[in-house]
Amino acid sequence: MTFTPEVPPAAPDSHPGVAGTTTAFTVNGTPRSVAADTRVTLLDALRDLLALTGTKKGCDQGACGACTVHVDGRRVLACLTLLAQCEGREVTTIEGLSRDGRPHPMQEAFVRHDGFQCGYCTPGQIMSAVALLREDRARTDKDIREFMSGNLCRCAAYPNIVAAIRDVAQRGGVDADL
Amino acid sequence: MSTARELPVVGPALDRVDGPAKTAGQARYPSDFDAPGQAHGALVQSTIAAGRITGIDTSAAEAAPGVLAVFTHLNVPPLPRGPMTGLGVSPPAPLRDDRILHHGQHVALVVAETREQATAAARLVRVGYASVEPVLDLDDPRATTVDDPWGLDSERGDVEAGLAASAVRVEATYTTPDNTNNPLGLFSTLAAWDGDRLTVHDATQWPSMVRETLAHVFGVPETSVRVLSPYLGGGFGAGLRAWPHVILAVHAARELRRPVKLVLTRPQMFTSVGHRPKGVQHVRLGASADGRLLAIEHRGRSLLAAEDDDYEPFAAGSAVAYACPNVLTRDQQVRANVPAPVSMRAPAHAQGGFALESAMDELAQALELDPLELRLRNVADVHPALGLPWTSNALRECYAVGAERFGWSRRPARPRSQRDGHWLVGQAMAGVSYPWYQAPSLARATVTADGHAVVGGSGMDIGTGTYTVLTQLSARLLGLPPERVRLELGDSDLPKAPQAGGSGLTGALGSAVHDACTKLLDAFLDLVRDDPASPLRGSAPEDVLAADGGIRRRDDADRSETYDAILARHGRRELSADGSSTPARPAELGMAPAGAFGAHFVEVKVDEDLGLVRVSRLTTVIDGGRILNEKTARSQIIGGAIGGIGMALFEDTITDPVSGRIANATFGDYLVPVHADIPAMDVTFVGEPDRASPLGTKGVGEVGLVGVAAAIANAVHHATGIRVRSLPITLDALL
Ligand code: FES
Ligand code: FES
């Protein structure tokens, strides 16, 4: 068995009885056009149709933050967003965070501070953390904790995640070049 | 050669070797894998807790778009139950018959071309039931009970006499609710058959066990089954069994002759992959006027599934926790119509430690003695049951260092005597241990012609840092920089290693890696024994050490050779060695193998008007023997302690007492700690390498959780004067 994720054709007419639609949007800077069942969430589209499995599913109910991505620069829960809602929008996932082949400062800070254990919540934590800095909500540890509370970490790397975010914030926030 | 004994007691804080992959979204978890042509499964679960299925109508589901098959007990042949494992029986086979034993039992699996089709069609399966009143309660007179389920009940001395002789006695009952492991990663199985060969990506903490189970259930040789779990989104015990949904996915893939992927939903995670069972514990303690324990009696009862087993000896830990001449422990399980419980981080000790360490605080209060002083007066300096010295024990140091760091001496004795505005403030502590556990393990180490090492075993890294610490260990033992060592884990084709669980994997697999690396150096020395071109010829293992990508003489640094040079001259592409480890035996050691010890010091603030509890400080000091990596070990302790905060203040799986349905089976309703609940945490390691193994580690995955709930309950008492003996501590108990 090979494990290359297959991109299925997902033609609308392969789902008789359910309307299909084609969504044109940008993912990590690349224009994409995806034909899918209208029930498909942005999360499932990224993972199943575009083979971007870095974004994780922890609940599919909008309660854990594992699926956090950026849509037009704002953090959203991809499991509560339908693919069809993304027409014309720009989506950024964990795979699109590196700059010129180098990890984003937030990714490096998470490694340095051991801001994860199993790593499953990590893409969502990092996407949330990057947005947090843009939102200018990382001024104090208390703020970081409050505004990161939508991202659950069951391994409970919380103190290290806060340390990583504080570190990046102190070094210049989103523009930090570490 | 280089040995583990030359390693530092607390190892360097190397960043995780899998960190770049995890932070880039490149680490692949079971649900991230797909197979060409795969179909998708969706489960249908029972909506009653006890009774029978009177009929299943699958026609609408079968007619729904994309549906390939609907599996029910009517068309699935009887599958054998999985074999006995190192942790007890396998779960019962799925879809055995028409009986319903708990709410949320799998009654059908729908397989369709897409996830959406399978999910939609699962809603079309109509199931008729004849239900009977379920047994859901510990005190239901209809329930059958299992006494001394693990043969761990213990008795020494005479507890009644000890209590009679005591100047001070306390007696109390403590209750703990069902908690759900809830690893963040949804459990997922991708099964693909190729003839008689089966490949499975499964959310397991124990690939070799899943392989054995699937070979047994599906009647194929173990060698034709491969189970992969290179990364897992947590487990906390939920991944220690081959659950019924795993068997179902593999069965469906065989029947349909195409790969089947089944991902549980979050609500299904509450009923399908175990939980920490609720229980009730009764503790009686007696002590002399100067605070010496004269009697400990600890009785525990917990809920168990109707036809399954679970390891949950609440009381057993109390037999060895303190030096006390008279001890009685009793455990009992009560069978009920509940989903199968499973070990959840620090099984039994999470609950047992809450009861015992709460009772110790109550005893200190009754004695008017400082709670820390009470613990110090009763430290078990030798193993209380075996009478043997411990292989290591720095519990006294944990207490001393923790008290110093926390500022214990400034704590007022009287409860409800500190406030910070409208917050009542209190401090308390607990002393804890988590028992030694080790299973046999194999490992292999290989050095390749380019001077790199590949080291591995079938054990997996659940997030504890196994990849990292074994990279560090192998690099050190082989004299290679960590960048030139690659770890292979989480693949049942690799040499058989035990589960990531019981705080035992680092010790077991690490010791096997140690052995493999030692033997690999011996193999290199063998290769050059009579080699006139080698500066190492004729060297014995004790003459050399591994350094700088090869081997050199201890007595002459100039007599050295790199691995790649040796391999090149001998025309070898690589050289491998197999290693193994077996658990230590107390009789041979003349010592009692020690698990980790620790002390937690906690400060809480309780809102006087609202009863809201916040943990404001937590200092934890751990004796984990040798710590291979300070950074990852610290994360283990933090994670465990926060698990303890969750247990103390939030986590409560609520089962409807009539229907047996779990009423809060979502992350919105089942509360777990979030960022805002967690204060800064102070973690320190003390102690010496443990003498039970050459590696000297003791495992730190669970000890961080044990006793935290007690320390918090004790601190709530210190803040408010209110003793809460039932978890979680919610505001209604404090108003
Ligand atoms: S998967 Fe979207 S919030 Fe949990
Ligand atoms: S690292 Fe495991 S859930 Fe956060």
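Contact here means heavy atoms within 4.5 Å. Keep that in mind as you work through these exercises on a predicted model.

**Exercise 1. Work out which residues join helix α2(A) to helix α5(A), and how the two helices cross.**

Step 1: find the helices. In chain A, α2 covers residues 105–112 and α5 covers residues 158–170.

Step 2: list the partners. On the α2(A) side you'll find Pro105(A), Met106(A), Ala109(A), Phe110(A) and Arg112(A), and they meet Ile161(A), Ala164(A), Ile165(A), Asp167(A) and Val168(A) of α5(A).

Step 3: sort them by character. This contact of α2(A) with α5(A) has eight nonpolar residues, two charged ones and no polar ones.

Step 4: look at the geometry. The axes lie 8 Å apart and the packing angle is about 135°. An angle between 115 and 145 degrees is oblique, so α2(A) is oblique to α5(A). The crossing of α2(A) past α5(A) is right-handed.

**Exercise 2. Decide how much of α2(A) is covered, and say what its buried residues pack against.**

Step 1: count. Six of the eight residues in α2(A) are buried, which leaves the helix mostly covered.

Step 2: name them. The buried ones are Pro105(A), Met106(A), Gln107(A), Ala109(A), Phe110(A) and Val111(A).

Step 3: find the neighbours. From chain A, helices α3 and α5 pack against these buried residues. Chain B joins in too, with α1 (19–23) and α15 (630–649).

Step 4: step just past the end of the helix. There, Asp114(A) has a positive phi of about 55°.

**Exercise 3. Describe how α3(A) packs on α5(A).**

Step 1: get the numbers. Helix α3(A), residues 122–134, packs against α5(A) at about 35°, and the axes are 11 Å apart. The crossing is right-handed.

Step 2: pick out the residues. Gln125(A), Ala129(A), Leu132(A) and Leu133(A) come from α3(A), while α5(A) brings Ile161(A), Ile165(A), Val168(A) and Ala169(A).

Step 3: sort them. In the contact of α3(A) with α5(A), seven residues are nonpolar, one is polar and none is charged.

Step 4: compare the lists. Ile161(A), Ile165(A) and Val168(A) of α5(A) turn up in the contact with α2(A) and again in the contact with α3(A).

**Exercise 4. Classify the ring pair Trp390(B)–Phe597(B), then do the same for Phe406(B)–Trp408(B).**

Step 1: set the scene. Over all chains, the structure has 12 aromatic pairs.

Step 2: take Trp390(B) and Phe597(B). Their ring centres are 5.4 Å apart and the planes meet at 85°, so this pair is edge-to-face.

Step 3: place the two residues. Trp390(B) sits in the loop between α9 (371–377) and α10 of chain B, and Phe597(B) is in strand β26(B), residues 596–607. They are 207 residues apart, so the pair links distant parts of the chain. Both Trp390(B) and Phe597(B) are buried.

Step 4: move to Phe406(B) and Trp408(B). With centres 6.4 Å apart and planes at 40°, this pair is tilted. Phe406(B) is buried at 1% relative accessibility, and Trp408(B) is buried at 5%.

Step 5: look for a cluster. Ring pairs tie together Tyr120(A), Tyr29(B), Tyr231(B) and Tyr467(B).

**Exercise 5. Find out what is unusual about the backbone at Arg416(B), Asp548(B) and Pro728(B).**

Step 1: recall the background. Most residues other than glycine have a negative phi, and most peptide bonds are trans.

Step 2: check Arg416(B). Its phi is near 50°, which is positive, and it isn't a glycine. Arg416(B) lies in the loop between α10 (395–406) and β17 (419–420) of chain B, and it is partly exposed at 40% relative accessible area.

Step 3: check Asp548(B). Again phi is positive, about 55°, in a residue that is not a glycine. Asp548(B) belongs to the loop between β22 (544–547) and β23 (550–553) of chain B. Exposed means over 50%, so Asp548(B), at 67%, is exposed.

Step 4: check Pro728(B). The peptide bond leading into it from Leu727(B) is cis, with omega near -10°. Pro728(B) is in the segment after α16 (708–720) of chain B.

Notes: Residues numbered from 1 in each chain as written. Chains lettered and ligands numbered in written order. Predicted model: local features only at pLDDT ≥ 70, side-chain atom pairs only at ≥ 80, totals over all residues. Heavy atoms only, no water. Axes fitted to C-alpha atoms, helices over the stretch in contact; angles between N-to-C directions. Helix = DSSP H or I, 4+ residues; strand = E, 2+ residues; numbered from the N terminus. Parallel < 35°, antiparallel > 145°, perpendicular 65-115°, else oblique. Left-handed = near helix turned anticlockwise from the far one by under 90°. Nonpolar A, V, L, I, M, F, W, Y, C, P; charged D, E, K, R; others polar. Buried < 20%, exposed > 50% of the residue type's maximum accessible area, 1.4 Å probe, protein only. Phe/Tyr/Trp six-rings, centres within 6.5 Å; stacked < 30°, edge-to-face > 60°.
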